[in-house]
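Trainee: I would be grateful for a close look at one helix packing in this model, followed by a word on the aromatic residues.

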Amino acid sequence: MTDQIIRRIWPIAPISLALALITLLMIVVGANPLTVYQALFDGSFGGREQSLSTLAFWVPLLLCSTGLLVTFTAGLWNIGVEGQMIAGSLGASAVALMVAKPNPSIPGWVILPLAIVVAMLSGALWAALAAILKTRGRIHEIFGGVALNNLAAIATIYLISGPWQPPEGGSLRGTVPFPTQALFPLMGTSRFSPLSLILALVALVLVALALRGTFWGLKLKAQGKNLRSAFLLGVPSEREAINAMMVCGALAGLAGAVRVLSWFDSLRQSISGGIGFLAILVVLLAGTRPLWTLLIGLFFSALLNGGTFVHSRVQLHSSLSGLIQGTLVLFVLLLGDYTRIFRRKKTVMEAISDHE
Amino acid sequence: MRVELQDIQKIFDQVRANDGISLVLEPGRIYGLLGENGAGKSTLMKILSGYQQPTNGTIRLDGQDTSFSSPSDALCRGIGMLYQDPLDFPALPAVENYQLAYQDNLLLDLKSGAEHLRAYGQRFGFAIDPHAYIDTLTLGERQQAELIRLLSLGAEVLILDEPTTGISAEQKEVLFNTMRHLAHDEQKIIILVSHKLEEVQQLCDEVVVLRQGKLMGTRSMPSPTSELVRLMFGGEIARAQKQLFESGRCVLKMEHVTVRSEDLTIQDISLTIREGEVLGLAGLEGSGQQVLLQACAGLLPSSAGKILLDDATVKGKHSGFYWIARLAPGVFAIVIVWLLIRLFGGHIAGLDFAGGAAISLLISGLIWLIGTILVAWTDQSPYHAFQQRGGAYVPAGRLEEGLIPGLTISEHMALAAPTHTFVVDWEQIRSQTVDRIQRYNIVGQPETLVDGLSGGNQQRAMIAFLNQPLRLLLLEHPTRGLDVTSTNWIWELFQERRREGTAIIFTSADLDELLEQSDRIAVFSGGVMSRILNAGETSVDELGHLIGGQEL
């Protein structure tokens, strides 16, 4: 019983260890850890503006991690989530620039859903490409994903500096601002849109239910744990691999739309901001459990948002957040797998015989 | 050196792989170790060579109690094993591979290593080029190189595990002469682990026979073959003549089928199985029985011939959307041609050539992608078509192929069920699972993870997941690891199925089981299938010979 409880709250362990180490580091460099953490908190949840900014950052992260829950369950390492997000933002930008801008009379309730659907489709197709490279081309999804990430980034740069260049001339900063009817309705002057948060939460609940209760979820779980047995028990593995990737791609695409249509108001060069990779870390840390994915995602966006505030308050460099994040990754990789740590250690010879 | 094994026992969760084996091995003699698969030969040799520790019992070398912590420890004390797959490094030249044995030397002395190899080679008539890479050598030559390594490290006892599999007749002659020389002139102990009675009779001075983990006896050679076969497989059992199912409809028909798998090709197989018939496949592991089953199930493609299940080929469904993916290059070509015409027609407006080509490339890529997704969605693999037509395949690897570690028994039931609902009805699945658990006598709850079950229970679980009714049931070692009572129970359930008209093909290492349960038996040896024997008219003796590759 206690074992169950420890297993359940285990993700806290690497986080607290990482924070302890960081605290020690702050003391060594002569900063007061309490002030720093206070600044981090103030920077992320200290006021309305900060809180909304944290939430706005959290939404795409949540969407990507939700998608990754599906692929990780199916045993796929969808590193390409970053590229799928970029593909989504390209799709959304295309709708904003090529449909909304020339036709200002089309109302927002048509344009925005259209942009979202196109973004999700682009993300899903980009993901399907990685899946098909895997199932038909025997290219591991990690390598395919990395290549497609680069291609998506290159496509962004090409579009910004080429066809979608602002009229005042070529810069690599971004396109012209999108017309407002194509954007998410924002809260006040912040970059946070409650609609996007609702979409993300609905997606998370749906995915959690699908993975728990539906036959599709069971198939993915089976396939993720043993592809060959699952196939022999009747799971059409190619189809399910493509489906899992496409669901993840669609959610990442939606995240991309949220990035261009609410965080920014135009297509920028590094549109994804590394959120896809961060999402992989979040899901790994959460051990593919939906509730933990939600909480850990929020923790990370607070951390990253608070980082900039630390600089102005205590004169510590804002890369502190990155430092904490990096330390966390190390500790998660070291201690994240509860069962691996507490399993009886095997002797070398036993391990060899097992291997046979 | 004199080796004594006293009361050696090795227990792997409930299975007694070795059960109280006591042996004395005298220097200067060649011993043959005989026994069917699973008789405990490999376990005993792994214990003697330090690869595994016995659960109980002692090893004495020259009267002194010894225990080995690892194979290299055993080798230090003079016991060396030559594995069926040589434990060498294919990417290294022979001499470097040889020098790896001398890890205490700081410098790599390739010169003396090469001399060693040559000197030993000359002594025994081996011809190994010290600078040839291991992966360019034949299996026989790799074996020789290994042998030299073991001898140079001072092996007094040499264990050879199936050494003649995959080597040429000439190499076999050289190997056997070397063994005779090492034993009779240099007073070493040679242990030959083999299934091949002929070779054992050729080479050995004494034969030790194991069966089901127990020592059945030792015989000085020469000894009649029938005597050895009787020890290996147990006494002759009188069997009732079985009714043959000539009247039922034909379920499976194979016509001159050739199947290539990674390491084995079975050729020109023809057979017919009728409703309610049981065909047993005998043979050593990896002689082609598994390849046959997998070909029937549509898991391996046949390169020639026909496999008909209920008069129709076992093949997957190919999607009708195939043409969409094929459309893509056509679209691309048409747009390029159109662009070329515009380019040379002098009338260039709007898109330039490169832009047009890029866009047409993009469009055709998109068409290809969508087409391929549709194809993947609608394709059905031959194996799943086989399942849909009432076939089932139960593989030998329990946690590797049959079951999914980390999933519960209920979850397996839900996966294996013939029909599925979008939202899984866990109540119903659970009650079904409880039924099956009772019926198949599985020690576990519906919520038990399959990897938490013992081997025998996993085996019963795999059989419990089979659906009713079936046309054709393919089983690999259906009762391996089960005790007698469970085995009988499982076969009773199979008999029930055959009364319903299910045809069964199964493989087994247990010749008694094959003779008792099958109507007809086919024996595989090195990818070649024997003529099909009527189970009532054959004997353990005949099967034993066919398994060893001897035609009677």
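**A helix pair in chain B, and the aromatic pairs**

Mentor: In this predicted model, helix H14 (residues 409–416) of chain B packs against helix H15 (residues 426–439) of chain B at an angle of about 105 degrees, and their axes are 9 Å apart. Angles of 65 to 115 degrees count as roughly perpendicular, so H14(B) is roughly perpendicular to H15(B). On the side of H14(B), the contact is formed by B:Ile409, B:Ser410, B:Glu411, B:Met413 and B:Ala414. H15(B) contributes B:Trp426, B:Ile429, B:Gln432, B:Thr433, B:Arg436 and B:Ile437. Sorted by class, the residues of this contact are six nonpolar, three polar and two charged.

The aromatic residues come next. Over all chains, 11 aromatic pairs are counted. One of them joins A:Phe57 and A:Trp263: the ring centres are 5.8 Å apart and the planes stand at 70 degrees, so the pair is edge-to-face, given that planes over 60 degrees apart fall in that class. This pair links distant parts of the chain, since A:Phe57 belongs to helix H4 (residues 48–73) of chain A and A:Trp263 to helix H11 (residues 237–263) of chain A, with the two positions 206 residues apart. A:Phe57 and A:Trp263 are both buried. A:Trp263 has a further partner, as A:Arg191 lies over the face of its ring, at 3.8 Å from the ring centre. Elsewhere, residues from chains A and B come together in one aromatic cluster, formed by A:Phe231, B:Tyr383 and B:Phe386.

Key
Residues are numbered from 1 along each chain as its sequence is written. Chains are lettered from A and ligands numbered from 1 in the order in which they are written. This is a predicted model: local features need pLDDT of at least 70, side-chain atom pairs count only at pLDDT 80 or more; totals for chains, interfaces and linings use all residues. Side-chain values use heavy atoms; hydrogens and water are left out. Rings of Phe, Tyr and Trp (its six-membered ring) pair if their centres lie within 6.5 Å; planes under 30 degrees apart count as stacked, over 60 as edge-to-face and the rest as tilted. Helices (H or I, at least four residues) and strands (E, at least two) are DSSP runs, numbered from the N terminus. Buried means under 20% relative accessible area, exposed over 50%, partly exposed in between (1.4 Å probe, protein chains only). A charge sits over a ring if NZ of Lys or CZ of Arg is within 6 Å of the ring centre and within 35 degrees of the ring normal. Axes are lines fitted to C-alpha atoms, for helices over the stretch in contact, and angles run from 0 to 180 degrees between N-to-C directions. Angles under 35 degrees count as roughly parallel, over 145 as roughly antiparallel, 65 to 115 as roughly perpendicular and the rest as oblique. Contact means heavy atoms within 4.5 Å. Ala, Val, Leu, Ile, Met, Phe, Trp, Tyr, Cys and Pro count as nonpolar, Asp, Glu, Lys and Arg as charged, and the others, Gly among them, as polar.
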